[in-house]
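Please go through the structure below with the following explanation alongside.

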Amino acid sequence: MAASSDVPAQAQEGTARAINPLGQYLKDCRTRLDAQALGYSTQRRRTAGLRREEVALRAHISPTWYTWLEQGRGGAPSAEVLHRIATALMLTEVEREHLFLLGLGRAPEVTYRGAADATPRLQRILDALGFCPALVKTPTWQVVAWNRAASLVLRDYGSLAPRDRNILRLMFLEPAVREAQADWAAAARFVVAAFRADLARAGAMEEAKPLITELTQRSPEFAAMWRDNSVRSYGEGTKQLRHAVVGPLQFEYSSLTIDGRPDLAMVVFHPLTAQDRDKIHQLMASAPGSSEAAVAEAAAAAAAAT
């Protein structure tokens, strides 16, 4: 009989979640907090977590308004109120985004926070891609990690100062990179449009202003393309290169978002044909530091000694 008496309560809770998902989410987040760890007394506390008035106090909003919000009354909250509540409830970035989607039907406005280096785990993923050149870039198109194939096929990023590991700066200011493009004008125009879209999506336009100013002053071609105001998605596609050692190369590329790292994106270039793969194999095998090159050097040394 006790089990059957619980059914109406469960049904009522399910109805509340369906009718007022924002209020139920706020309640769930509130009850998960440790009141004692946050400095509140646990005496005479009948429910887990924080009380409504305690959340309101932490968020600097009216307890009555917060109560109405949990109850589905009082209309839609403002973005500022949701930010305060998210901070009061100590929400993670993904939880904050979910709160905004429930409360306003959209994600919070993007605020660019700068980018840290790629983690060792991310570097290991790049290295595991073998013959596929791959790199990790920021919204301002700074290259912060790459694999060996990328350094041999695209650019030896390790030989550059960190400031110079920027795809836009290389595309417009480095003759060797320009020469390697099968159709430089088309590639450059696409890069500028995708760069603009990435900056806007990440809220990083202010961060990129020094780079944009420098390129505008040093490259009339960049200045003209930037004035076009075109936007493109990097997404996926094909790319053709003219490599100085192995000649023409064709790739399929994909730009991948990294979960939990909105400041970073991974770009992977997959050889389009078996011939392209063989050329990269040849390049990697003959490059200094490779095991194949070391064996060849040892054999040559032995032959010279006899």
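The text covers confidence, then the sheet strands, a helix and the nonpolar cores.

This is a predicted model, in which local features need pLDDT of at least 70 and side-chain atom pairs count only at pLDDT 80 or more, while totals for chains, interfaces and linings use all residues. Residues are numbered from 1 along each chain as its sequence is written, and side-chain values use heavy atoms, with hydrogens and water left out.

The average pLDDT (the predictor's confidence in each residue, from 0 to 100) is 87, and 86% of the residues score at least 70. Residues 1–5 have a pLDDT below 50 and make 0 contacts (heavy atoms within 4.5 Å) beyond near neighbours in sequence.

Strand β5 (residues 265–271; strands are DSSP runs of E, at least two residues, numbered from the N terminus) has 6 of its 7 residues buried (under 20% relative accessible area, 1.4 Å probe, protein chains only). Strand β4 (residues 247–257) runs antiparallel to β5, joined by 7 bridges; pairing requires at least two DSSP bridges. Ser254 stands opposite Val268 in β5. Strand β1 (residues 134–137) also pairs with β5 in the antiparallel sense, over 4 bridges, and Val136 stands opposite Met266 in β5.

The largest nonpolar core (buried Ala, Val, Leu, Ile, Met, Phe, Trp, Tyr and Cys residues joined through side-chain atoms within 4.5 Å) has 44 residues; among those touching the most other members are Trp141 and Phe222. Helix α11 (residues 184–202; helices are DSSP runs of H or I, at least four residues) gives the most to this core, with 10 residues. A second, separate core of 24 residues includes Ala35 and Phe100.

Notes: Buried < 20%, exposed > 50% of the residue type's maximum accessible area, 1.4 Å probe, protein only.
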